[in-house]
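Open your viewer and keep the selection box handy. We will go from stop to stop, with something to pick out at each one.

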Amino acid sequence: MSLHCPECGSEDVYRVAVAYEKGVQKTRSKTFMGGGLLSLFGPAFGIGAAVTRGRNTTLLAERLAPPQKAHPILAAIITFFAVCFLGFPVDFALAFFFGGIGLGQKVGLVIGGTIWLGCLIGLPIYALYKGFQYNLRLPKAIAEWNNLYICDRCGHVFTKEAGQSTTANKPTPAPGL
Ligand SMILES: [Zn+2]
C-alpha cells in the first residue's frame, strides 16, 4: 500500500528519520566544503533551492530532530540558581509594594520570602520529576518519531497510519494552512 500525504495527497513522501539524516549531512558538508556541494544534495532532498542552503537546512534538521534525552539533574540545578537570582528583585519589589499600600514592608518581605523559598525547593523538584518522567517515555517517543513521514511537496509531517488512510487523498488544501 502506497503512502501519501494526508494534507495534499502527494505520494512524494519519505521518512522523517531519512530527512533528518540528510539535513544533518548537508549541514556538515556546508561546514566542511563551504557549501559548494550542497546543490548535489539539494534535488535529492527536494525542499527546493531556496531552503537547501545554510541556516534553513539546520532549521529543518532541528525541526525534524529525534527526541533528545533530558538532563533532569542539570535542569534542577539551573532552575535552583535561576530562582536564587530572580528571587532577590521579586522579594524586594514585593516589600516595596506592601510598604506602598500601607501593609508594611516586612509583611511583603515575609510573603515574598515564603514564596521564594517554596519556589527554591519546589521548582527544582518539579524539574527533576518532569525530566525523569520524560526520559521514561523516551523509547516510546523515539518509536513514534521513527513512524513519522514528511511530505516533499507541502512539508506536512504525519504518521504512517495517517498516510495509509484511504480518506487522505483529498484535493489541494486551502492556501495558508
Ligand atoms: Zn503534502
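Before the first selection, a word on angles: an axis here is a line fitted to C-alpha atoms, for helices over the stretch in contact, and angles run from 0 to 180 degrees between N-to-C directions. Keep in mind, too, that this is a predicted model.

**The whole chain**

Start with everything shown as a cartoon. The protein chain has six helices and three strands, and along the sequence they come in the order β-α-α-α-α-α-β-β-α. Of the 177 residues, 16% are buried. If you draw the contacts between residues at least 6 apart in sequence, 67% of them join residues at least 24 apart.

Now colour by pLDDT. The chain averages 78, and 72% of the residues score at least 70. Select residues 30-55 for a stretch to treat with care: pLDDT stays under 50 there, and the model has 25 contacts beyond four places in sequence for these residues.

**Helix 4 and helix 5**

Next, select residues 72-100, which are helix 4, together with residues 105-146, which are helix 5. How do the two axes meet? They come within 8 Å and cross at roughly 165°. Angles over 145 degrees count as roughly antiparallel, and helix 4 and helix 5 are therefore roughly antiparallel to each other. Their crossing is right-handed. Colour the residues of this contact by type and you will find 24 nonpolar, eight polar and one charged.

**Tyr 20**

Move on to helix 1, residues 16-33, and pick Tyr 20 within it. Is Tyr 20 buried or exposed? A residue is buried if 20 or more other C-beta atoms lie within 10 Å of its own; Tyr 20 has 20 such neighbours, so it counts as buried. Leaving out residues up to four places away in sequence, Tyr 20 touches Ala 61, Leu 64, Ala 65 and Pro 66. Put a distance label between the C-alpha atoms of Tyr 20 and Leu 64: they are 44 residues apart along the chain and separated by 5.7 Å.

**Cys 8**

For the last stop, select Cys 8, in the segment before strand 1 (13-15). Cys 8 is also buried, because 20 other C-beta atoms lie within 10 Å. Which distance separates Cys 8 from Arg 153 in space? Add Arg 153 to the selection and label the C-alpha pair: the two residues are 145 apart in sequence, and their C-alpha atoms are 7.9 Å apart.

Methods:
Residues are numbered from 1 along each chain as its sequence is written. This is a predicted model: local features need pLDDT of at least 70, side-chain atom pairs count only at pLDDT 80 or more; totals for chains, interfaces and linings use all residues. Helices (H or I, at least four residues) and strands (E, at least two) are DSSP runs, numbered from the N terminus. Angles under 35 degrees count as roughly parallel, over 145 as roughly antiparallel, 65 to 115 as roughly perpendicular and the rest as oblique. A crossing is left-handed if the near helix is turned anticlockwise from the far one by less than a right angle, and right-handed if clockwise. Ala, Val, Leu, Ile, Met, Phe, Trp, Tyr, Cys and Pro count as nonpolar, Asp, Glu, Lys and Arg as charged, and the others, Gly among them, as polar. A residue is buried if 20 or more other C-beta atoms lie within 10 Å of its own, exposed if 12 or fewer, and partly exposed in between; C-beta atoms are placed from the backbone. Two residues are in contact if their C-beta atoms, placed from the backbone, lie within 7 Å. pLDDT is the predictor's confidence in each residue, from 0 to 100.
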